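I wanted to follow the strands of this structure one pairing at a time, and these are my notes from that reading.

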Amino acid sequence: MTEPKLTCPACGSDQVTTEHHQMFMVNTQEHYCHSMKTQDSNSPATCLDCRWEGERKDLQEKSND
């Protein structure tokens with residue numbers, strides 16, 4: 001079974017991105033953790049076609065016909 005394709009809820013485009021956030025220690029610049037991964041539901045999402053902005057959980061599933 002394949003994962004469904006995610007699309008923009010505003011225009012239906014599949015040209016969408018999500019963000020990955022990392023945290024670093026201020027004084028040493030050592031990596032602390034991955035505070036947000038692209039698969040997290042609250043990861044910021046953007047449509048490259050219409051510039052819609054929201055969160056990954058707002059994206060719509062489209063079947064892979």
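I began with Thr18, whose bridge partner in strand 5 is Ala45. For strands I took the DSSP runs of E with at least two residues, numbered from the N terminus, as helices are too (H or I, at least four residues). I count two strands as paired if DSSP finds at least two bridges between them.

Before going further I noted that this is a predicted model, in which local features need pLDDT of at least 70 and side-chain atom pairs count only at pLDDT 80 or more, while totals for chains, interfaces and linings use all residues. Residues are numbered from 1 along each chain as its sequence is written, and side-chain values use heavy atoms, with hydrogens and water left out.

Next I looked up the pairing of strand 2 with strand 5, and found it antiparallel, with three bridges. Strand 5 is also joined to strand 6 by three bridges, again in antiparallel fashion, and here Ala45 has Gly54 of strand 6 as its bridge partner.

I then asked in which order the strands of this open sheet lie. The order is 2-5-6, three strands with antiparallel pairing. Strand 2 (16-18) and strand 6 (53-55) stand at the edges, and because each has a single partner strand, one side of each is left without a neighbour in the sheet. On average, neighbouring strands of this sheet are turned by 30 degrees against each other, direction ignored.

I turned to the link between strand 5 and strand 6, which form a hairpin with five residues between them, and saw that Arg51 in the turn has a positive phi of about 70 degrees.

Is Thr46 buried or exposed? Thr46, which lies in strand 5 (residues 44-47), is buried because its relative accessible area is 12%, and buried means under 20% (exposed is over 50%, partly exposed in between, with a 1.4 Å probe and protein chains only). Thr46 stands opposite Glu53 in strand 6. Leaving aside residues up to four places away in sequence, Thr46 touches Gln15, Val16, Thr17, Arg51, Trp52 and Glu53, where contact means heavy atoms within 4.5 Å.

Last, I checked strand 3 (residues 21-24) and strand 4 (residues 31-36), which pair in the antiparallel sense over four bridges. His21 has Met36 in strand 4 as its bridge partner. Their hairpin has six residues between the strands, and Gln29 takes a positive phi near 60 degrees there.

Technical notes. Axes are lines fitted to C-alpha atoms, for helices over the stretch in contact, and angles run from 0 to 180 degrees between N-to-C directions.
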